[in-house]
Amino acid sequence: MILFAALLTGCVNEVSGVVVDADGNPMAGVTVVIDGSRRVTVETDEDGNWSAPVSGKEVAITAVKDGYEFDTVVLQTEELEPVTITAKPGLTVKPAAGYYEDVVLAALTIAGDYTIYYTVDGSEPTEKSAVYSEPIIIEETTLLKAIAVNNADKTDVKELSAKYDVDLKNILKNGGFELGLDGWEGKGCDISLSEDAYSGSYSVLATNRNDTGCGPQQRLYDSIQPGKTYQVSARVKYVGDSAPDTRFFFITFQDGDSWVTAHNGPGADITKDEWGLIEGTYTPPVEIDRGDTGVFPLTFEDMRVFIETSWTAEQDPNRDLMDFYVDDVTIILLED
């Protein structure tokens with residue numbers, strides 16, 4: 001079954017192939033990742049076969065399966081040919097390195113007869129280090145390093161390094177989207193889980209936006225308070241063949257459903273097709289002055305946070321309402 005990370009646009013071709021192990025045996029249930037103008041993922045069938053539509057001038061194709069590593073194949077879409085991808089034993093970790101707001105259970109895997117040794121203090125692991133036998137509990141920012149030594153050939157050693165930024169102080173739930181879309185909703189748009197992530201395994205993709213104020217949203221209720229200062233940040237990437245080279249994005253807060261209680265937090269210029277950073281501090285006001293429209297107090301009972309493009313009176317679908325990805329959203333109370 002084909003899973004689309006985003007809608008494909010432009011001229012569409014099809015690429016196909018097979019995934020095999022080192023002995024040439026077909027491998028079922030392998031995820032194949034095709035990166036063209038959009039990312040597409042497919043899964044191999046019981047005979048190791050796969051196929052997918054692609055667009056753009058060039059595609060990079062690789063595969064993903066716990067305990068294996070795969071080379072990347074680059075093809076021009078005008079000269080597509082069947083692709084054979086060969087799996088080799090590889091040391092992998094799940095979940096992927098990245099930002100987390102909860103305790104991480106890091107599971108190491110390698111196919112074949114290997115013994116895994118690891119460290120969590122940044123030092124280089126050796127055969128005298130701890131032997132891996134069960135998922136490693138990570139409760140703070142940690143650099144995990146591991147080696148897998150082939151029991152039949154000690155010169156065959158696989159290495160891995162993964163940094164986990166664990167922050168248990170984040171007010172947001174699931175700001176890194178490693179728990180899927182749990183805690184998030186689309187504000188005037190559709191949201192879906194994407195494997196095009198800044199860190200970890202997933203991000204969120206906002207599509208079909210109604211206006212500039214639309215994007216991924218989380219309800220904070222009463223966890224944000226006036227007079228307190230918060231460190232706020234998010235990673236954002238937008239796409240679109242006709243989108244501008246740069247676009248300004250905001251992290252915006254709103255009390256309830258009415259637009260009159262919406263107020264911008266930090267913002268930043270983001271470059272198309274690149275992950276950019278929005279960061280800064282935010283101190284909630286007690287009221288919003290809308291000039292002739294009136295002054296509106298905040299109740300702080302139904303606070304929300306969402307990511308949006310900056311407002312314009314006339315909104316062009318390509319310039320203002322493009323699809324965009326969000327990852328690693330944080331709201332952290334600064335110490336008084």
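Buried means a relative accessible area under 20%, exposed means over 50%, and partly exposed lies in between, computed with a 1.4 Å probe on protein chains only. The model is predicted, so local features need pLDDT of at least 70 and side-chain atom pairs count only at pLDDT 80 or more, while totals for chains, interfaces and linings use all residues. Residues are numbered from 1 along each chain as its sequence is written, and side-chain values use heavy atoms, with hydrogens and water left out.

**Exercise 1.** Determine which residues form salt bridges with D320, and classify each residue involved as buried, partly exposed or exposed.

*Solution.* A salt bridge requires a side-chain nitrogen of Lys or Arg within 4 Å of a carboxyl oxygen of Asp or Glu. D320 meets R247 in such a bridge, at 2.8 Å from N to O. R247 belongs to strand β24 (residues 246–255), whereas D320 sits in the loop between β29 (303–309) and β30 (324–333), so the bridge ties together parts 73 residues apart in sequence; strands are DSSP runs (E, at least two residues), numbered from the N terminus. D320 also bridges to R319, with the closest N and O atoms 2.8 Å apart. D320 is buried at 1% relative accessibility, R247 is buried at 8%, and R319 is partly exposed at 38%.

**Exercise 2.** Locate the partners of the salt bridge between K145 and E124, and classify both.

*Solution.* The closest N and O atoms of K145 and E124 are 2.6 Å apart. K145 lies in strand β17 (residues 142–150) and E124 in the loop between β14 (114–119) and β15 (130–131), 21 residues apart. K145 is buried, at 15%, whereas E124 is exposed, at 57%.

How values were computed:
Helices (H or I, at least four residues) and strands (E, at least two) are DSSP runs, numbered from the N terminus.
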